[in-house]
Amino acid sequence: MENYIDLINAYLNKTLSQAEVLEFEKRLQIDSEFTSIYKEHIVFLNGIERVNIIEEISKAKQNYIRAKWLKYFGITIGILLISILAYSIITKSKNVENSILPANNIIEFVSDSIETESEDKVKIPIDTISIENVISKPKVNIVSKKEVVDTILIKDDFESVNSTEMDIISFLKSVEQAPQSISINSEENFEMTLKEGTKISIPKDAFIDVKTGKSVSGEIDLKIKEYYKLSDILLANLSTKSDDRLLETGGMLYIEANKNGSKLKLKPEKELRIVFNNRGKENMQLFEGEKIDDNINWVLSNEVETNVTDELIGEFEEVNPVAVSLTEVPFQIKDIPTYKGCEEKTNDCTLNKIREHVSRKFDTDIIEELNISGRKRISTIIKFDEKGNVFEVVTSNLEPLLEEEVNRVLMDLPQMIPAKKNGKAIASQLLLPITLSDGIDELIGVKSDSATIVLNSKLGAVDNGYTLNSPKLGWINCDRFVRSKKRKIKYKLKIKDAEGANVKMIFKSISSVLPSKRINEDYSFGEIPLDEDVILLAIKKKGEKLFIGMKDVTTKQISGIDLDFKEVTAEELKNELIKLNKAFE
Amino acid sequence: MSDDKIMGLFKNGQRDKAFRELYKLYPRIEKLILSKGGTKADANDVFQEALIILIRNLEKIDFKLTASFYTYLYSVSRFVWKDTQKQFSKQELQNLQSEDVSILDAILEEKKYKLAEHAFRKLGERCQQLLQRFYLKKMTFKVIAEEMQFKSEKVAKNQKYKCLQKAKDIYRNQLTTVQS
């Protein structure tokens with residue numbers, strides 16, 4: 001027996017010769033008593049090992065608990081320090097109440113800290129946006145009866161912030177484009193192309209009265225404004241911002257429907273189909289506008305999925321993209337982007353690999369950090385180029401932290417074998433829903449569900465502009481988020497003589513307009529990418545006199561600027577703005 | 001910390017750091033066990049078991065973590081708890097998926113090791129030290145004899161054999177009581 005144990009130890013420690021190993025293994029197969037001794041010994045060794053592992057684990061646990069307490073402790077100390085600091089600052093400033101010097105010091109200190117903070121941010125000077133020529137020249141192509149009514153101003157419920165600024169806004173509205181008025185028969189499907197090329201289809205019986213909730217029939221009046229041109233956007237006091245994020249616009253619309261003066265809205269299940277006149281722009285999504293303090297904020301309307309599918313409406317043809325559900329497998333494996341190593345396997349292989357990648361790379365701490373409870377399903381689109389590399393990830397409205405993580409994880413996917421069409425490598429998109437779970441009801445932290453592959457035989461151009469379905473009237477915008485990897489800075493500055501002016505920033509490389517907020521003496525634009533070529537534009541009104549000031553600048557930290565305001569007539573102002581249109585073309 | 005980073009810690013031999021990271025998942029496992037009617041102490045035991053199974057698997061060459069650490073620990077914990085509660089129905093066992101089967105196998109295997117551990121802990125202090133030095137620290141009998149002040153290598157070796165046999169006897173006794 002003792003000899004057996006020695007032999008087994010020698011075998012496990014790999015000190016036996018090759019011949020002895022063979023003999024040993026052969027014996028395991030034929031000698032059942034020997035085998036059971038061997039097995040028991042293994043169990044035993046593992047049992048002894050457990051003692052060790054348990055010790056390690058309990059050490060780790062203690063460390064974990066200690067770290068947790070230290071964190072709280074740290075926060076408490078932090079709070080204490082802050083209160084001490086606050087206290088001493090208060091007492092100090094009391095001591096030197098009338099001296100200005102210390103106050104200045106404090107301000108300098110604050111701005112310094114902002115600078116260092118932004119320096120810590122990622123410095124990858126690659127811009128992911130492909131900068132294209134954005135808006136194609138509108139074709140004047142009016143199909144249906146339309147009459148331009150010159151007088152009516154759309155009654156938006158504006159609330160005043162600042163009376164002089166209000167002056168400007170109401171002035172702008174008075175020179176703004178007049179809506180295109182169209183009467184249609186609500187009992188028939190209706191389709192038309194607007195002045196600047198937007199196509200709208202309205203299904204029949206789509207409207208109900210806002211107040212009564214009753215279905216309407218017969219003639220109804222539509223009022224529509226199109227905003228493709230920068231001057232139109234500026235005159236309407238529009239901007240392209242979704243919360244704090246910059247949007248690039250592919251056209252905006254304002255649609256209103258009336259019947260005998262009472263406002264109408266769409267029935268819940270009805271949608272407008274809108275084809276924006278914006279060839280060549282990718283990844284546009286539908287945003288709905290809400291006016292807050294006179295500035296418009298755009299909110300992503302649908303989930304990404306819907307938009308993409310809409311984008312893909314079309315025949316099953318060479319140039320048109322095709323959506324393929326991976327579970328249905330109508331394609332040969334070589335036709336979709338394929339994970340390396342999955343060449344000879346089923347489509348599930350690629351999908352599983354991607355899932356595996358996601359669950360392995362995803363930092364699940366975020367689920368806890370964001371307090372996600374139950375399940376959260378997020379939609380993502382992974383875009384592969386012709387070489388099979390991920391070049392962009394699109395996500396629906398996510399918390400910045402979550403979006404960053406999803407982007408990081410998906411951008412990190414290895415190069416795929418590109419999708420093919422007729423033997424030629426093509427770009428493709430993968431629609432990948434990911435489910436996050438807090439783990440209470442389900443096994444899983446991160447799960448990627450069934451995915452859909454979308455094949456684009458031609459990347460970039462969407463032939464007929466964007467088709468988006470809108471369930472709402474009002475402000476509609478075909479936009480995409482600007483995903484710049486440029487460093488961002490908090491941009492604010494003083495503008496000479498800008499009392500009561502409406503100040504906007506126009507981005508030259510992307511079709512984007514940013515409003516400013518006046519904070520004390522400064523005009524603040526929030527966080528914007530550094531080193532962008534922009535135009536600062538200010539319009540103000542003094543009494544009956546109009547002034548315009550503008551300057552081309554590159555965004556970097558500056559304290560003040562003189563826009564050289566000059567007096568203009570209403571007509572001159574309009575012309576100045578029209579001159580700017582080329583910035584968006 | 002992402003799973004890859006934790007995996008890196010394991011690979012670099014920074015097991016203490018890796019375990020500490022994984023302990024961050026404990027509150028969620030605790031929630032699970034509490035929701036299934038267990039106590040905090042149960043949750044602690046279950047999580048420890050899950051960690052042991054994980055680390056053992058990580059050391060196997062052919063093992064590949066297909067899910068996240070959290071998912072894996074969660075599944076293992078759930079199974080460990082079910083097993084201690086003897087809640088597996090026949091049908092459930094038949095319908096297990098291959099990944100679950102391997103988890104269950106690991107759990108059953110680990111139960112045997114746990115018995116062996118208990119047997120080991122019942123040995124005297126000196127026996128425990130001797131076996132640990134020989135099997136875990138891979139010391140030679142010569143060194144062991146010196147450190148533990150045995151008269152000779154031979155005495156140490158004999159002593160080790162006796163300790164081992166004693167532990168195995170205890171183990172076998174436990175096994176029969178468990179099985180009967």
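Q: Which residue is the bridge partner of Ile539(A) in S28(A)?
A: In this predicted model, the bridge partner of Ile539(A) in S28(A) is Ile548(A).

Q: And how many bridges join strand S27 to strand S28 of chain A?
A: Ten bridges join strand S27 of chain A, residues 533-542, to strand S28 of chain A, residues 545-554, and the two strands run antiparallel.

Q: What order do the strands of that sheet have?
A: The sheet is an open one of five strands in chain A, with antiparallel pairing and the order S24-S23-S27-S28-S30. Its edge strands are S24 (512-515) and S30 (566-568) of chain A, each of which pairs on one side only, and neighbouring strands are turned by 30° against each other on average, with direction ignored.

Q: Which helix lies across S27 and S28 of chain A?
A: That is helix H11 of chain A, residues 570-580, which lies across S23 (502-507), S27, S28 and S30 of chain A and runs at about 20° to S28(A).

Q: Stepping back, how many helices and strands does chain A have?
A: Chain A has eleven helices and 30 strands, and 34% of its 585 residues count as buried.

Q: Different topic: how many residues of chain A are in contact with chain B?
A: There are 36 residues of chain A in contact with 38 residues of chain B. Helices H1 (2-12), H3 (32-95) and H8 (347-361) of chain A each supply at least two residues of the side that touches chain B, and H3(A) gives the most, with 20 residues.

Q: What is that side like by class?
A: The side of chain A that touches chain B has 16 nonpolar, eight polar and twelve charged residues.

Terms used: Residues are numbered from 1 along each chain as its sequence is written. Chains are lettered from A and ligands numbered from 1 in the order in which they are written. This is a predicted model: local features need pLDDT of at least 70, side-chain atom pairs count only at pLDDT 80 or more; totals for chains, interfaces and linings use all residues. Two residues are in contact if their C-beta atoms, placed from the backbone, lie within 7 Å. Helices (H or I, at least four residues) and strands (E, at least two) are DSSP runs, numbered from the N terminus. Ala, Val, Leu, Ile, Met, Phe, Trp, Tyr, Cys and Pro count as nonpolar, Asp, Glu, Lys and Arg as charged, and the others, Gly among them, as polar. A residue is buried if 20 or more other C-beta atoms lie within 10 Å of its own, exposed if 12 or fewer, and partly exposed in between; C-beta atoms are placed from the backbone. Two strands pair if DSSP finds at least two bridges between them. Axes are lines fitted to C-alpha atoms, for helices over the stretch in contact, and angles run from 0 to 180 degrees between N-to-C directions.
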